[in-house]
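Q: Could you take me through one part of this structure up close? I'm in my first year, so please keep it relaxed and build the picture up piece by piece.

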Amino acid sequence: MTTRPPSPRATGRKKRPATDGGIGRYILIRFLLIFPTIFILVSMVFWLMRTTGDPITAALGGRLGPEQLAERIQAAGYDRPIFVQYIEYLGQVFTGNFGTTISTNRPVSEILVTYGLATFELVFYALVVAFIVGIPLGMVAAYWRDKSADAFLRVFAILCYATPVFFSGLLFKLVFAVYLDVLPVSGRASTSSELQMQLLPNQTGLYTIDAILTGDPTVLGDVLEHAVLPALTLGLLTAGVFLRLVRTNVIGTLGTDYVDAARSRGVSEFRLVRKHAYRPALIPIITVIGLQIALLLGGAVLTETTFEWKGLGFMLSEFLKARDFVAVQGIVALLAVIVALSNFVVDIIAALIDPRVRY
């Protein structure tokens, strides 16, 4: 008599999900999705910019005579069919050539490298502020849930992400730079510090690193002082989101079975929050960082303009004033690429930490 092998239900073993194709397959799919995402974003930038006409007329119309304007349009190739220009633009973008600015006659790629590093530095500082402020305060709010401290921190979180960046920036300048006079009002560094950093044989473009390379502590202190207010202004925007996420997920984790078991063994509530509940609560933070990068880049435009922090956001506002749509196209296209790549990296990190995101 033949016997059938015991079923998984009878042995108490669970079958592995059939949808688990492995981390390699997930990474490959996410990587391939980058290209259509960038293609759609870059195409939208091109067509939206051209709704107002060709860039030469937009930037120089009214300042040149009809004949001179026609010559410039023909020399730049903007008299050709729009679809031909679109195909040529896609080819240039995917080879790293974003054209030449109309107002300053500089390669757009040079502007992206020069001022992009300043924006990267600002976004990095803002993320540091968001983590330092949002995560600990979220844990505190979860520990004191439904009490006055929790209510205060929830209101604080709402104010952080609901207050316009330019308003909070002006408020910080008024308090710390004008009334108290303890922090610089604008710029990335003082003139003397910039002159010292320019003497370096190999400048990186990142003022923090360049200040360290000078070997002068006063230069580093000056650079960090200039970064405080812009980083606070932009970082608190994201800190409010992190605070609410950590609070909600820590409270949810505190209701799980393994936390109840630890609580029954006499583990204090503070230790439960600090040792058991906060790590699972960080997973949602990682998954939303990609979205927050887009929020930070958008907020960087107003933050850099408010504090005259010469990064991509500051230059974007300047080129918009000059109606230099070639430069605007290049900057917006680069920001779109950064957002797409950031989301890809964040998705991979989230998948490595939490396998459930692959299903």
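A: Let's begin with E121, which is buried, with a relative accessible area of just 5%. Keep in mind that this is a predicted model. The residue to look at next is R188, also buried, at 9% relative accessible area. E121 and R188 form a salt bridge, and their closest N and O atoms are 2.6 Å apart. E121 belongs to helix α6 while R188 sits in the loop between α8 and α9, so this pair ties together parts that are 67 residues apart in sequence. If you're wondering about the idea behind such pairs, side chains of opposite charge can pair when their charged atoms come close.

R188 has another partner to show you. Its charged end sits over the ring of Y207, 3.7 Å from the ring centre.

Now stay on helix α6, which covers residues 108–143, and find T119 there. Is T119 buried or exposed? T119 counts as buried because its relative accessibility is 4%, and the cut-off for buried is under 20%. What does T119 touch, if you skip its neighbours within four places in sequence? The contacts of T119 are L297, A300, E304, W309, G311, L312 and G313.

Those contacts lead us to the loop between α13 (269–307) and α14 (312–321), where E308 has its place. E308 has a phi near 50°, a positive value even though the residue is not a glycine. For background, most residues other than glycine have a negative phi. E308 is partly exposed, with a relative accessible area of 46%. F307 is worth a glance as well: K173 lies over the face of its ring, at 5.8 Å from the ring centre.

Next, go to helix α8, which runs over residues 165–179 and gives the most to a nonpolar surface patch, with eight residues. The patch is about 1000 Å², and its members include F166, F167, L170, V182 and L302. L174 is another member of the patch, and its place is in helix α8. With a relative accessible area of 37%, L174 is partly exposed.

Follow the chain on from there into the loop between α8 and α9 (191–198), and you'll find D181. D181 has a positive phi of about 55° although it is not a glycine. D181 is exposed, with a relative accessible area of 60%. Remember that R188 is in the loop between α8 and α9 too, but R188 is buried.

Back to salt bridges for a moment. A search of the whole structure finds six of them. One of the others joins R106 and E110, with the closest N and O atoms 2.9 Å apart. R106 is partly exposed at 26% relative accessible area, and E110 is partly exposed at 38%.

Then there's the salt bridge where the side chains of D150 and R247 meet, at 2.7 Å from N to O. This pair links distant parts of the chain: D150 is in helix α7 (residues 148–162) and R247 is in helix α11 (residues 217–253), 97 residues apart. D150 is buried, with a relative accessible area of 0%, and R247 counts as buried at 11%. R154 comes in here too, as D150, R154 and R247 are linked in a network of salt bridges.

How does all this sit in the whole chain? Its secondary structure comes to 15 helices and zero strands. Of its 359 residues, 41% are buried. Look at contacts between residues at least 6 apart in sequence, and 71% of them join residues at least 24 apart. The accessible surface comes to about 19800 Å², and 65% of that belongs to carbon and sulfur atoms.

One last stop is the aromatic rings, since a search of the whole structure finds 11 aromatic pairs. F83 and Y86 make a tilted pair, at 6.1 Å centre to centre and 45° between the planes. The two are three residues apart in helix α5 (residues 82–93), so about one helical turn separates F83 from Y86. F83 is exposed at 52% relative accessible area, whereas Y86 is buried at 8%. Both belong to one aromatic cluster, formed by F46, W47, F83, Y86 and Y89.

Conventions: Residues are numbered from 1 along each chain as its sequence is written. This is a predicted model: local features need pLDDT of at least 70, side-chain atom pairs count only at pLDDT 80 or more; totals for chains, interfaces and linings use all residues. Side-chain values use heavy atoms; hydrogens and water are left out. Helices (H or I, at least four residues) and strands (E, at least two) are DSSP runs, numbered from the N terminus. Buried means under 20% relative accessible area, exposed over 50%, partly exposed in between (1.4 Å probe, protein chains only). Contact means heavy atoms within 4.5 Å. Accessible areas come from the Shrake-Rupley method with a 1.4 Å probe; for residues, only the protein chains shown count as cover. Rings of Phe, Tyr and Trp (its six-membered ring) pair if their centres lie within 6.5 Å; planes under 30 degrees apart count as stacked, over 60 as edge-to-face and the rest as tilted. A charge sits over a ring if NZ of Lys or CZ of Arg is within 6 Å of the ring centre and within 35 degrees of the ring normal. Patches are made of residues with over 30% relative accessible area and no salt bridge: like charges are joined within 9 Å, nonpolar side chains (Val, Leu, Ile, Met, Phe, Trp, Tyr) within 5 Å. A salt bridge is a side-chain nitrogen of Lys or Arg within 4 Å of a carboxyl oxygen of Asp or Glu.
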